[in-house]
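New to this one? Here is a quick briefing to read alongside the sequence and the 3D view.

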Amino acid sequence: MGDVVSSHLDEAKREIITARTEQVMEEVGRLYEQQYAVALFNKVRFDIEGGGGPQPQLLHRKISLENKSIFSGSLFQYLEENKKWRNRFLFVPDSYNINYYDNKTSHDKGLHPKGSINCAGYKVLTSMEQYLDLISNSLPGVNAKVGSSPFLKCATQFPLILWHPYARHYYFCAQTEKEQQKWHAVLQDCIRHANDGLSEEDTVQTPAFTDAVRLYRQAQGHYGTWDMMCGIPSQILSNLVMEGLLPELRELISPRLKGKMHDRQRSWILISDAVYSLVQRQCEAHDEATVQRCEAGRRSMEAAIRKDMDQIITSKEHVTNKIQAAVLPKAEKLLKVSIQPYISSILDALMEPTSRGFSEVRDVFFRELVDMSKNTLNEGTKETVAQHMEKISMLAFHPVKMQSCYEKVEQLSLEGLQQRFDVSSPSVFVQRAQILMREQMDDAVYTFEQILHQSLESQGTEELCKTIQRCQDRVVKKFDYDSSTVRKRFFREALLQIFIPYMLKQLSPSCALELPRFQELIFEDFSRFILVENIFEEVVLHSVMKDIMM
């Protein structure tokens with residue numbers, strides 16, 4: 001199979017790959033450096049002025065997972081090199097990478113895994129029909145049918161396939177339907193965690209990066225949500241490159257692929273994976289260099305911001321007023337005709353499944369504590385309580401126990417609205433809601449741990465069940481308050497993610513030509529921190545905010 005890759009990825013193709021990657025990375029790097037200065041200004045301004053908003057009542061642990069295992073067990077795995085199925089021991093550590101071993105003994109001895117899977121950008125499939133539908137779209141004119149010569153024969157009737165639009169695919173089989181369901185929940189959790197690769201705590205690099213990627217895609221005519229905004233920066237950038245590069249390579253390579261239909265499909269998957277690896281290495285190096293360059297100038301840039309903060313703010317407000325006068329009439333007209341009539345229906349579509357999901361989080365948490373109370377009736381000692389708390393402490397990260405919560409929000413549908421507002425799929429919102437649900441569960445568990453610990457220190461173990469009940473009631477009240485706040489924020493963010501790209505797409509053609517003249521109003525020393533394109537987007541954002549905040 002290595003021959004397939006080397007024969008189709010000759011020197012000329014590799015030069016195309018390098019050139020296209022460099023082209024994208026140079027432009028994204030330029031945008032990142034611009035947005036880094038703006039993000040740094042916004043951070044320093046926020047640090048000085050502060051921000052409002054309700055404070056959460058639940059406590060938040062600084063390190064959620066440390067040296068904890070998420071899940072482990074055995075599955076059959078298909079090996080490409082010898083086209084055979086082998087029993088594998090899978091272990092999911094706190095990194096959520098899937099490590100697979102020959103057997104459990106190899107893992108217990110501390111041997112290196114046979115392989116490790118980072119699940120960012122993957123989908124988990126539970127049937128060959130689903131898989132064949134996806135790979136049939138990967139090569140034009142090569143369509144697979146379930147009844148035809150099989151792509152591969154599964155070891156059991158309970159497959160679990162990890163599919164990626166660019167990277168290699170992984171094939172597993174479970175022994176029973178129950179095991180398949182369990183592992184499906186685990187693999188989905190690994191994907192969910194890996195997709196959420198950008199740190200929200202970094203208030204400079206993360207917004208600079210996400211804005212640079214968004215602005216690059218908008219310049220290519222791609223507004224709206226993007227399913228492949230998955231993983232760490234190098235993975236997201238690789239997806240960005242592959243979005244344009246792969247169709248070009250497919251046109252060059254697919255006519256030269258030989259063999260039966262599924263042989264050509266296999267070859268293309270291997271070629272795509274090899275290209276993705278090459279692109280990712282190049283993206284990683286370029287991204288690291290760009291970030292280092294920006295970080296090296298951070299101290300002097302921050303000093304300049306602090307020295308001239310009042311003047312920068314005054315200058316920005318002056319330019320904002322000018323842009324508002326030009327943009328607001330058009331934005332408000334668009335808002336009235338194309339946005340306001342749809343707000344309530346989209347909000348309803350978001351609210352029902354999300355609220356059911358958070359309600360299920362509350363119920364699962366409550367049931368676990370009820371079980372704990374029942375068990376302490378028999379053995380009411382601190383040791384027993386400690387054992388139960390050790391189990392409950394991992395509740396938010398137990399893929400199977402949390403699955404009933406996640407399933408509720410998976411029913412979210414924006415059917416009929418997706419195409420109008422350029423929403424690729426609801427998956428962006430589903431995964432975001434699920435991550436918030438997991439955070440809320442962990443905050444509730446951690447708060448309960450702290451309150452119970454304090455109560456036991458002051459009261460001892462007498463009337464242990466009543467103590468647990470009192471702590472439980474306090475935490476549930478805090479959960480209800482925080483859950484309401486988190487959901488409201490999620491709904492606002494989701495509505496903005498749906499409407500703002502649509503409005504920018506509609507307004508940009510008429511407004512873009514006017515923006516350069518406003519740049520002349522900005523004093524040169526402040527021009528790094530005030531970009532008219534960003535102000536234009538802020539004006540559009542504020543035009544729709546009053547309707548969304550209602």
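A residue counts as buried when its relative accessible area is under 20%, as exposed when that area is over 50%, and as partly exposed in between. Asp422, at 30% relative accessibility, therefore lands in the partly exposed group. Keep in mind while you browse that this is a predicted model.

**The whole chain**

- The chain is built with 15 helices and 7 strands.
- Lay the C-alpha trace along its principal axes and it spans about 75 × 70 × 50 Å.
- A compact globule of 550 residues would have a radius of gyration near 24 Å, and the chain's 26 Å agrees with that.
- Buried residues account for 50% of the 550 residues.
- Take the contacts with a separation of 6 or more: 77% of them join residues 24 or more positions apart.

**Two helices that cross**

- Helix H5 covers residues 177–195 and helix H11 covers residues 399–409; their axes come within 9 Å and cross at roughly 80 degrees.
- Angles of 65 to 115 degrees count as roughly perpendicular, so that is the label for H5 and H11.
- On the H5 side, the contact is made by Lys182, Ala185, Val186, Gln188, Asp189 and Arg192.
- H11 brings Pro399, Val400, Gln403 and Tyr406 to the contact.
- Sort the residues of this H5 and H11 contact by type and you get 5 nonpolar, 2 polar and 3 charged.

**Cysteines**

- How many disulfides does a search of the whole structure find? The search turns up 0.
- Cys154 is in no disulfide, and its nearest cysteine sulfur belongs to Cys173, 4.3 Å away.
- A disulfide needs two cysteine sulfur atoms within 2.5 Å, so the 4.3 Å between the sulfurs of Cys154 and Cys173 doesn't qualify.
- Cys154 has a relative accessible area of 23%, so it is partly exposed.
- Cys511 has a relative accessible area of 2%, so it is buried.

**A closer look at Leu160**

- You'll find Leu160 in strand S6, which runs over residues 159–163.
- Is Leu160 buried or exposed? Its relative accessible area is 0%, so Leu160 is buried.
- Leaving out residues up to four places away in sequence, Leu160 touches a list of residues that includes Leu75, Val124, Leu125 and Thr126.
- Also among the residues Leu160 touches are Tyr170, Tyr171, Phe172 and Ala174, along with Gln180, Trp183, His184 and Leu187.
- Ala174 is 14 residues from Leu160 in sequence, and the two are 7.4 Å apart in space, C-alpha to C-alpha.

**Positive phi angles**

- Some background first: most residues other than glycine have a negative phi.
- Tyr96 is not a glycine, yet it has a positive phi of about 70 degrees.
- Where is Tyr96 placed? Look in the loop between strand S2 (84–93) and strand S3 (98–101).
- Tyr96 has 1% relative accessibility, so it counts as buried.
- Asp422, also not a glycine, has a positive phi of about 60 degrees.
- The loop between H11 and helix H12 (427–459) is where you'll find Asp422.
- As mentioned at the start, Asp422 counts as partly exposed, at 30% relative accessibility.

**Other spots along the helices**

- Ser373 lies in helix H9, residues 298–378.
- With a relative accessible area of 12%, Ser373 is buried.
- Ser373 touches Cys465 and Ile468, not counting residues up to four places away in sequence.
- Leu270 is found in helix H8, residues 261–296, and it is partly exposed, with a relative accessible area of 23%.
- Leu270 and Val5 are 265 residues apart in sequence, but their C-alpha atoms are 6.8 Å apart in space.
- Thr18 has its place in helix H2, residues 11–49, and is partly exposed, with a relative accessible area of 42%.
- Thr18 and Lys330 are 312 residues apart along the chain, and 42 Å separates their C-alpha atoms.

Notes: Residues are numbered from 1 along each chain as its sequence is written. This is a predicted model: local features need pLDDT of at least 70, side-chain atom pairs count only at pLDDT 80 or more; totals for chains, interfaces and linings use all residues. Side-chain values use heavy atoms; hydrogens and water are left out. Axes are lines fitted to C-alpha atoms, for helices over the stretch in contact, and angles run from 0 to 180 degrees between N-to-C directions. Helices (H or I, at least four residues) and strands (E, at least two) are DSSP runs, numbered from the N terminus. Angles under 35 degrees count as roughly parallel, over 145 as roughly antiparallel, 65 to 115 as roughly perpendicular and the rest as oblique. Contact means heavy atoms within 4.5 Å. Ala, Val, Leu, Ile, Met, Phe, Trp, Tyr, Cys and Pro count as nonpolar, Asp, Glu, Lys and Arg as charged, and the others, Gly among them, as polar. Buried means under 20% relative accessible area, exposed over 50%, partly exposed in between (1.4 Å probe, protein chains only). The radius of gyration is taken over C-alpha atoms; the globule rule is 2.2 Å times the number of residues to the power 0.38.
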